[in-house]
Amino acid sequence: MIAHPRVYLDQLDPAQAEDVYRASLRILEGTGLAVQSGDAVRILSDAGARVDRGRVRFSPDILERLVARAPRRFTLHARNPARSVEVGGDALLVSPGYGSPSVADARGRRRDATLADFERFAALAGACDAIDITGGLLVEPLDVPAALRPLEITRSLVERSDKPFLGSVAGTAGARESLDLARIVFGAADFGGRAVMLGLVNINSPLRLDERMAEALLAYAAAGQAVLLTPGILMGVTAPVTAVGALAQAVAELLACTALVQAVRPGSPVVIGTGGFGSDLRTGGPGFGRPENALGTVLGAQMARRIGLPFRCSGMVTGSRVPDGRSGYERMMTAMAGWAAGAHVCLQGAGTLDSINSMSYEQFAIDTEIWAYLERLAARPSTDAGALAVDVIAALPVDYLGVEHTMEHLAAEMAAVSLATPKPYDEWLAEGAPDVVSLAGRRLEKLATAGSVQPLDDGIRADLERYVRDRRRALA
């Protein structure tokens, strides 16, 4: 996790933020949200919302009363208690890519992702110190039948990592399988009242929650598990082209779905956030890595503080198809925006390329280095006597390389970077002039063994295998 800055980057003054918030309330009172789930509509109607042929409208007082039930912060528990994290505090938590159907090689050539790829990325996320939440649909394993994917994905996540994770949102069935597997791991039908996973629920902008996502939301909310809400905002495509217009629509969608979670189970954790936000109107496609992506993060985080809920961003993203210069500057910009704005969870935080259409092993390794840079930037310096070093300066050493003070403070003061090679030019040239991508490829093996993963208890492993075997038979 990376400590937030002392002062957040805000682009709206308080009156402007209030304008956006009030516009969102007007949208929900006048236009409302189309909810394509009978159960969800009934729950919202019982909570006081007005329903007309599946479109749900909220009066401001009812909406705000429901939203106020959601916690400002909560603990996301891991099967290894040392890996549990606080969501909504003063730190940014990093999770890898989500949803890519392809894996790209170092030159950007794509192939279908497989279960073996998923398992490898899960192991990398489990071992890598830069990752706080293992992730969910790290890649879409296209060699596994769609009906079996939620089962295989969740099994792999809990076996290859002891960190918190995201469950499946493939409707009721996918959510139920993730919840069942988690109950085996945590040994309690109600998880002991703890949140142990996130369910990423995507809202179909403009202003529509489809049946599959609504079912997943209901399942996770009823179980007291955290729901991570993301509207499908694309400026000028699925939302107004103006940044504040898109923001007002996004906030309306997030408020309505937060109200639904709280109507199901008051106090159930919710994280709200933006995903892409920007777009490329030359193609009508997403704008991952564009300045508007970063702007959406900054604006969204400010509105989340106004509402009083944890915020997620899509940091470390790019539209580039290869780990090149463009990928580097777009990733650093979007990651910096998430940190500076005070985001609490960063999805797409390692490995994605091509507007999250592919995952790259080399890019994953490079991203861990970028997070190390940001972690160093985020470290708050001490001004005690040892750090100020007035006595050391007074001694006027010829240089500071051999001074004892340097050796004492070196480890804490200098970031441990591994891809920025310090070798002299001639030595670098003699080794074939390796670039950062080739160095990242060599680092993957070391990265995969960087941390230790707490093994599953033999009894729990046997129960997991039994459950998976029975479900495979039922779905065959």
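Two strands count as paired here if DSSP finds at least two bridges between them. Strands themselves (E, at least two residues) and helices (H or I, at least four) are DSSP runs, numbered from the N terminus. By that rule, strand β10 (residues 165-167) and β11 (197-203) go together: they run parallel and are joined by three bridges. Within this pair, F165 has M197 of β11 as its bridge partner.

A word on the ground rules. The model is a predicted one, so local features need pLDDT of at least 70 and side-chain atom pairs count only at pLDDT 80 or more, while totals for chains, interfaces and linings use all residues. Residues are numbered from 1 along each chain as its sequence is written, and side-chain values use heavy atoms, with hydrogens and water left out.

Back to β11, which is mostly covered, with six of its seven residues buried. Buried means under 20% relative accessible area, exposed means over 50%, and partly exposed is in between (1.4 Å probe, protein chains only). Just before this strand, the loop between α6 (171-186) and β11 holds R194. This arginine is partly exposed, at a relative accessible area of 29%. Contact means heavy atoms within 4.5 Å, and, leaving aside neighbours within four places in sequence, R194 touches H77, F186, G224 and Q225. R194 and A223 are 29 residues apart in sequence, yet their C-alpha atoms are 9.5 Å apart in space.

The loop between β11 and β12 (208-209) has a couple of oddities. P206 sits there, joined to S205 by a cis peptide bond with omega of about 5°. L207 lies in that loop too, and its phi is near 55°, a positive value in a residue other than glycine. L207 counts as buried, at 11% relative accessibility.

Next comes β7 (residues 91-94), which has partners in two other strands. With β1 (residues 2-3) it pairs in the antiparallel sense over two bridges, and A3 has A91 as its bridge partner. With β18 (345-347), β7 runs parallel, again joined by two bridges; here L93 stands opposite V345. In a regular strand the side chains alternate between the two faces of the sheet. In β7, A91 and L93 point one way and L92 and V94 the other way, and all are buried.

Following β18 leads to Q348, in the loop between β18 and β19 (352-353). At 6% relative accessibility, Q348 counts as buried. Its side chain makes a polar contact (N or O atoms within 3.5 Å; within protein, one able to donate a hydrogen and the other to accept it, with residues adjacent in sequence counting only if both atoms are side-chain atoms), reaching the backbone nitrogen of Y98 at 2.8 Å. Beyond neighbours within four places in sequence, the contacts of Q348 include S95, P96, G97, S314 and I356. I356 is in the loop between β19 and β20, and its phi is near 60°, positive although the residue is not glycine.

β19 and β20 also belong to an open sheet of four strands, in the order β9-β8-β20-β19, with mixed pairing. β9 (110-112) and β19 stand at the edges with a single partner strand each, so one side of each is left without a neighbour in the sheet. β8 (residues 102-104) and β9 pair in the antiparallel sense over three bridges, with A104 opposite R110. Helix α11 (residues 361-378) packs on this sheet, touching β8, β9, β19 and β20 (358-360), and its direction makes about 65° with that of β20. For such angles, axes are lines fitted to C-alpha atoms, for helices over the stretch in contact, and angles run from 0 to 180 degrees between N-to-C directions.

Helix α4 (residues 115-127) has 13 residues and reaches 18 Å from first C-alpha to last, close to the 18 Å expected at 1.5 Å a residue. That expected span is 1.5 Å times one less than the number of residues. Of the 13 residues in α4, 10 are buried, among them L115, F118, F121 and L124. Their cover includes β8, β9, α5 (149-160), β20, α11 and α16 (436-448).

Finally, how many disulfides does a search of the whole structure find? Zero, where a disulfide is a pair of cysteine sulfur atoms within 2.5 Å. The sulfur of C257 is 20 Å from the closest cysteine sulfur, in C313, which is too far for a bond. For C313 the closest cysteine sulfur is in C346, at 4.1 Å, also too far for a bond. C257 counts as buried at 1% relative accessibility, and C313 counts as buried at 1% as well.
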